[in-house]
Amino acid sequence: MRIGLLTEGGYPYVSGEARLWCDRLVRGLGQHEFDIYALSRSEQQEDEGWIQLPSQVSRVRTAPLWTADQDGVGYGRRSRRRFAEHYGELAAAICAADALGGAAESASAEAGHRVEEAPAGAADRFGSALYGLAELARDEGGMVGALRSEAAVRALERACRAPGALRAARTARVPDLLTVAAQVERALRPLSLDWYEGDGLGSVDLCHATSGGAAALPGLLARHFSDVPLLVTEYGVQLRAHYLGPREDLRGGAASAPARALLAAFHGRLAAETYRQAAIITPGNTHARRWQERCGADRTRIRTVYPGMEASRFSEVGESVEHADPDTLVWVGRIEPAKDLISLLHAFADIRKEEPKARLRIVGAPADGPEGATYLAHCKALAAQLFPDEADGVHAVGDNPVSFEEIGGPEAPTLPEAYAAGALVVLSSVVEGFPISLVEAMFSGRATVSTDVGAVVEVIGGTGLVVPPRNPRALAEACVSLLRDPERRSRLGAAARARALELFTVEQNITAFHSIYLEIVSRCPVRRVVVDPSGEPLPFAIPVEAQVPGRWSEPGTRLVPGRPGPGWAAGPPVRGVPLGLASSSGPAVSVTPTTSATSTASATSGAPGEPVPAGEGAW
């Protein structure tokens with residue numbers, strides 16, 4: 001089958017999120033053909049280039065989310081009226097009183113907002129308005145200028161002042177509305193792309209969005225225009241990040257409470273519409289699943305698929321646990337406040353009172369930005385204060401029992417060697433999604449002590465000790481109990497490795513997605529109409545052989561996916577039309593979408609701008 005893989009800020013770029021698991025998925029499903037549709041987040045990411053792509057990637061199309069030039073599209077009076085109508089409906093749905101319900105109830109309460117009952121049909125209004133804007137952008141050739149216009153800001157202002165609007169929205173001022181309008185324009189930039197028909201997303205058998213938000217929006221439009229089924233995978237729920245993460249205004253400062261409330265409402269509505277239209281939703285753990293269900297996802301369409309990780313690199317460490325230092329604790333991760341190393345250091349002070357030979361190795365680099373470096377300096381200063389350099393005698397050199405190291409240094413040249421350094425791995429986070437470092441420790445056959453956050457309990461099962469977060473005493477007692485009991489430590493480590501090999505390998509991840517692909521395509525096949533050169537439909541024109549890889553087809557007839565739109569022109573022949581359907585009454589005709597500002601490249605030839613033909617059996 002032909003799969004449109006939708007990404008934002010990740011694959012196929014060298015840097016970014018979801019790069020590794022997407023690459024493993026594509027390489028593991030060599031029997032399928034992949035078209036990559038990627039949204040980049042920064043100019044630096046684009047300059048770094050792509051990773052080496054496998055042969056089953058037939059096309060890569062990219063578009064920037066970090067910038068958008070004026071498209072030069074001028075709307076006439078009728079189009080301006082259509083835009084005002086649809087954007088006004090979108091703004092009204094965003095400002096409806098239930099827009100902060102569901103998963104945002106707790107966040108709203110913390111901000112002092114009261115969640116009120118919503119007007120009926122607010123979710124339907126959002127979807128109807130979104131697709132109305134998409135149809136307008138398709139008809140007019142773009143929407144960047146309209147989304148940045150004064151009309152958009154005025155529509156937001158009217159929605160905020162309307163009866164029944166969010167309490168926080170009623171106090172929004174002009175700077176707040178400008179901030180919201182700018183962020184909404186950025187999120188809706190995919191509306192102006194030409195990805196949705198012809199030999200684009202309209203021709204694939206399945207759209208697979210690797211995250212929610214902007215990455216899923218092209219999949220929503222492909223479903224709307226061409227009835228292509230949508231699969232949404234979320235290993236980290238983007239909506240949660242929008243609720244909990246910082247927001248900036250147009251001047252780079254912190255966004256106000258009204259602006260944050262409106263942006264949270266917009267992303268909540270977009271997430272709810274994504275979940276409503278998706279054929280299947282695949283969270284990476286139960287923690288993410290709960291967020292999705294609170295946002296309206298139908299639990300009958302949810303399939304938990306754990307991230308797949310490379311287990312072979314930890315094989316040697318996992319099978320030689322007896323070489324670990326029995327007195328050393330290891331922490332591995334990115335150094336930032338959410339990891340709560342402060343509590344870990346205080347817990348280690350209590351551990352040293354019970355086990356004077358204990359040592360703590362903190363392995364990791366600070367998070368990007370000044371906050372990470374500042375937090376690392378604070379942790380080092382606290383460690384120096386809690387544990388003055390110790391020496392065996394008056395003539396010996398002192399040594400601190402806490403060390404800060406980075407992967408690639410002399411103490412920890414590789415990640416497996418970092419886990420091999422100790423007999424016990426500790427996780428002290430106060431916020432965590434899917435704990436990758438914990439799974440790596442399990443592959444390494446190490447016993448673990450973790451805080452009860454995110455998906456930790458789900459990952460660990462009964463193979464490690466779990467304590468409440470921000471509780472140094474409980475963390476210390478759990479660590480001491482395992483340091484004093486090597487037999488139990490060994491037993492837990494072996495059980496952890498067996499559990500990780502069963503649930504969290506690349507192989508199980510690929511097998512799960514292969515089954516889901518087949519389930520979606522068999523249950524929601526794309527209905528396409530094949531016509532002859534005179535425009536008459538050809539019933540039964542696509543035999544089952546068209547789905548079998550190989551040269552079963554040749555150019556011949558014209559394919560009309562879903563609902564044709566403007567911007568079509570004669571182009572190179574489209575492969576995938578069944579053999580023997582070429583008409584003898586006239587020349588073969590095929591259609592391709594006209595070019596746009598987005599980047600198109602062949603994954604095999606690497607020639608940017610060249611149209612890439614669909615693979616055999618694509619239709």
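Trainee: Which residue caps the N-terminal end of α12?

Mentor: Asn-285 does that job: one of its side-chain oxygens sits 3.1 Å from the backbone nitrogen of His-287. That counts as a polar contact (a pair of N or O atoms within 3.5 Å; within protein, one must be able to donate a hydrogen and the other to accept it, and residues adjacent in sequence count only if both atoms are side-chain atoms). Helices here are DSSP runs of H or I with at least four residues, strands are runs of E with at least two, and both are numbered from the N terminus. Keep in mind that this is a predicted model, where local features need pLDDT of at least 70 and side-chain atom pairs count only at 80 or more, while totals for chains, interfaces and linings use all residues. Residues are numbered from 1 along each chain as its sequence is written, and side-chain values use heavy atoms, with hydrogens and water left out.

Trainee: Which residues of α12 are buried?

Mentor: An α-helix has 3.6 residues a turn, so residues three or four places apart point the same way. In α12 (residues 286–294), the buried ones are His-287, Ala-288, Trp-291 and Gln-292; buried is under 20% relative accessible area, exposed over 50%, and partly exposed in between (1.4 Å probe, protein chains only). Looking down the axis of α12, those buried residues fall within an arc of 140°, so they line one face of the helix. The arc is taken over the directions from the helix axis to the C-beta atoms. After α12 comes Gly-296, with a positive phi near 105°.

Trainee: On to strands. Which faces of β11 are covered?

Mentor: In a regular strand the side chains alternate between the two faces of the sheet. For β11, both faces are covered: Ala-447, Val-449 and Thr-451 are buried on one side, Thr-448 and Ser-450 on the other. The chain gets from β10 to β11 through helix α17 (residues 436–443), in a right-handed β-α-β crossover: with the strands pointing away from the viewer, the path from the first strand over the helix to the second runs clockwise.

Trainee: Which strands does β11 run parallel to?

Mentor: Strand β10 (residues 422–427) is joined to β11 by four bridges, in parallel, and Leu-424 has Ala-447 as its bridge partner. Strand β12 (residues 465–467) is joined to β11 by three, also in parallel; there Thr-451 partners Val-467. Two strands pair if DSSP finds at least two bridges between them.

Trainee: What does the side chain of Glu-519 make a polar contact with?

Mentor: The side chain of Arg-303, at 2.8 Å. Glu-519 belongs to helix α21 (residues 506–523) and is partly exposed, at 26% relative accessible area.
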